[in-house]
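Reader: I would like to go through this model at the level of helices, cores and strands. Please keep the answers short.
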Amino acid sequence: MASSSSAKTTFTTTTTTTTTTTRRSPSSSTARPSLLSFLHNTTPSLPITLKLSHSPSNPLHYNSPYHHSLTMTNAVKTIESASICAPDSDNLPSLRPNILVSEKLGEAGLQVLRRFGNVDCCYDLSPEQLCAKIASCDALIVRSGTKVTREVFEAAKGRLKVVGRAGVGIDNVDLPAATEFGCLVVNAPTANTVAAAEHGIALLTAMTRNVAQSDASMKAGKWERSKYVGVSLVGKKLAVMGFGKVGSEVARRAKGLGMQVIAHDPYAPVDRARAVGVDLVSFDQAIGTADFISLHMPLTPTTNKIFNDETFAKMKKGVGLINVARGGVIDEDALVRALDGGVVAQAALDVFTEEPPSKDSKLVQHKNVTVTPHLGASTKEAQEGVAIEIAEAVVGALQGELSATAVNAPMVPAEVLSELAPYVVLAEKLGRLAVQLASGGSGIKSVRVVYKSARDPDDLDTRILRAMITKGIIEPISSSFVNIVNADFTAKQKGLRIAEERIVVDTSPEFPIDSIQVQISNVDSKFASAVSEDGWIAIEGGVRYGIPHLTCVGSFSVDVSLEGNLILCRQVDQPGMIGQVGNILGKHNVNVSFMSVGRTVQRKQAIMAIGVDEEPNKDTLSCIGHVPAIEEFVFLKL
């Protein structure tokens with residue numbers, strides 16, 4: 001599929017209300033597919049596959065060509081007649097994921113990881129060493145010291161599934177590159193919240209009472225009580241810049257010290273701030289009226305060096321500055337100038353633009369600056385909590401779960417994922433069918449997806465379904481791999497426009513979706529009968545008893561379980577057609593799993609859908625095509 005740098009991916013939602021009378025088949029499943037396919041480049045097929053050795057001398061190998069496909073009807077019989085050999089663990093390839101830990105992680109977290117995968121703790125890697133190791137890794141866990149650059153993701157060659165940041169900030173991870181390569185990025189934002197807030201308050205009080213300076217003075221043999229007169233915090237105004245988890249905890253503690261607290265955060269809910277007794281104000285009002293300013297904002301292109309000469313000029317003379325967030329939000333040279341000029345009376349810093357800072361750093365050596373070496377999360381409790389939190393998030397991601405701490409994937413609640421699981425399989429298979437029906441799949445640029453549901457359109461979260469339709473359309477005709485992380489990016493890169501429409505139907509709201517229709521415009525079809533009256537290639541499907549079904553091809557209604565492979569035939573509607581085609585397949589040792597015939601008018605034309613376990617060879621398909629009453633046919637891989 002051709003790329004288009006200027007093409008845009010747009011997702012439009014049009015709600016059309018219609019009323020239909022439809023008999024609804026149950027769509028609950030007793031064994032839903034794993035959510036692994038939502039993240040990884042695999043989608044589980046619904047039939048069970050049991051791979052068996054054929055003799056004791058040929059142990060079970062996971063890449064063995066010998067296997068039996070088990071369905072509900074033949075599972076017991078096949079298992080009873082099979083001779084299953086116990087695997088030789090020495091000869092089996094490792095199925096445990098490889099997890100690289102590039103910076104120190106608490107033992108409790110390492111134990112969680114070791115129970116699930118092969119853990120390699122390798123610290124102080126150079127960028128070249130990291131790139132060399134990453135190609136064999138499924139997961140990478142870092143703190144703030146490891147730079148996970150585009151080069152790392154390129155070196156991983158698509159194997160890296162998840163990067164875990166043991167902490168909050170993710171500015172050391174190239175998020176656009178991670179998204180492009182389909183790698184989930186998770187962090188641990190909660191475990192060190194209290195520790196970071198406590199350290200912020202510790203720096204505030206140490207700064208105002210000159211603790212570090214007076215300690216150094218005494219150890220130098222001096223007694224300078226009059227020199228280190230401090231400032232009381234009671235009644236002073238503290239501006240919290242960034243009212244997230246840490247910022248709000250700092251505000252709570254500052255209120256306990258008797259301070260008046262204001263905050264600036266363009267994304268913070270007003271009611272949450274009011275619940276803590278904090279007023280949300282503008283940026284300029286916060287920095288212009290505060291006695292002390294505590295920084296708790298992420299490092300982004302917008303916040304990079306946001307505290308600069310211009311910003312310091314707007315502050316009250318003699319302000320105190322505390323930073324336990326990210327060093328890059330402060331222009332350090334400008335801060336030195338503000339300290340020298342008395343605009344900033346004192347600063348207490350735990351983070352720096354470059355870590356560790358140079359030994360001759362004017363900022364670190366400044367007499368009115370208190371510094372600590374990035375200790376915000378450095379408590380025993382926080383280290384253990386962060387280790388466990390990030391380990392569980394990484395393991396969950398490797399198991400196909402979408403962590404609540406994922407930073408580059410849509411947050412879909414667990415209950416929604418569970419409910420949509422069978423429809424996810426349906427969505428990808430419809431995408432795969434649709435692209436195979438198009439002549440020259442690389443020319444597909446416009447796709448419309450129609451969801452029919454009895455639920456209110458606002459209650460239907462279709463992001464994961466759109467991602468899997470995108471996966472189904474793009475993967476068969478390109479070298480790209482697509483998952484929920486990179487689906488939208490990949491569609492944009494390929495110049496693919498996907499429009500979504502929701503239609504309300506009069507069926508049971510017990511099930512989230514009645515049907516999904518995939519339409520492709522402006523392309524010719526390999527199977528003319530798949531083209532609807534408006535000129536679009538159109539196929540539609542639903543879920544019955546947890547199994548995806550194809551229910552409509554063009555204007556023809558069918559009833560096809562989307563398992564195995566599929567042959568579609570347009571034929572003259574006359575007796576004996578099923579028998580003729582079935583005999584051809586039988587003679588060529590192609591097993592038929594089901595057949596379905598749909599027609600528009602009796603004795604005119606009909607669509608015969610045939611499910612087959614094996615891929616027919618060219619001779620078999622040629623024989624089908626030579627049946628006089630068959631007008632066209634197409635073989636489709638699911």
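Reader: How far does helix α15 reach from its first C-alpha to its last?

Author: This is a predicted model, in which local features need pLDDT of at least 70, side-chain atom pairs count only at pLDDT 80 or more, and totals for chains, interfaces and linings use all residues. Residues are numbered from 1 along each chain as its sequence is written, and side-chain values use heavy atoms, with hydrogens and water left out. Helices (H or I, at least four residues) and strands (E, at least two) are DSSP runs, numbered from the N terminus. Helix α15 covers residues 380-398, 19 residues in total, and its reach is close to the expected span (1.5 Å times one less than its number of residues), at 27 Å.

Reader: Which residue just after α15 takes a positive phi?

Author: The helix ends at residue 398. Just after it, a phi of about 95° is found at Gly 400.

Reader: Which residues have the most contacts inside the largest nonpolar core?

Author: A nonpolar core is a set of buried Ala, Val, Leu, Ile, Met, Phe, Trp, Tyr and Cys residues joined through side-chain atoms within 4.5 Å; buried means under 20% relative accessible area, exposed over 50%, partly exposed in between (1.4 Å probe, protein chains only). The largest such core has 80 residues. Those with the most contacts inside it are Leu 113, Leu 465, Ile 516 and Leu 550.

Reader: Which helix gives the largest share of this core?

Author: The core draws at least three residues from each of domain 1 (98-187 + 384-399) and domain 3 (414-637), with bounds from an automatic or database domain assignment. The largest share is 11 residues, and the helix that supplies them, residues 414-437, is α16.

Reader: Which residues of α15 are in contact with Leu 113?

Author: Contact means heavy atoms within 4.5 Å. Leaving aside neighbours within four places in sequence, Leu 113 touches Ile 99, Val 101, Leu 105, Val 119 and Ile 141, among others. Its contacts also include three residues that are buried in α15, namely Ala 391, Val 394 and Val 395.

Reader: How many disulfides does the structure hold?

Author: A disulfide is a pair of cysteine sulfur atoms within 2.5 Å. For Cys 121, the nearest cysteine sulfur, that of Cys 122, is 8.9 Å away. The number of disulfides in the structure is zero.

Reader: What is the bridge partner of Val 240 in β12?

Author: Two strands pair if DSSP finds at least two bridges between them. Strands β9 (residues 237-241) and β12 (residues 292-295) pair in the parallel sense over four bridges. In β12, the partner of Val 240 is Ser 294.
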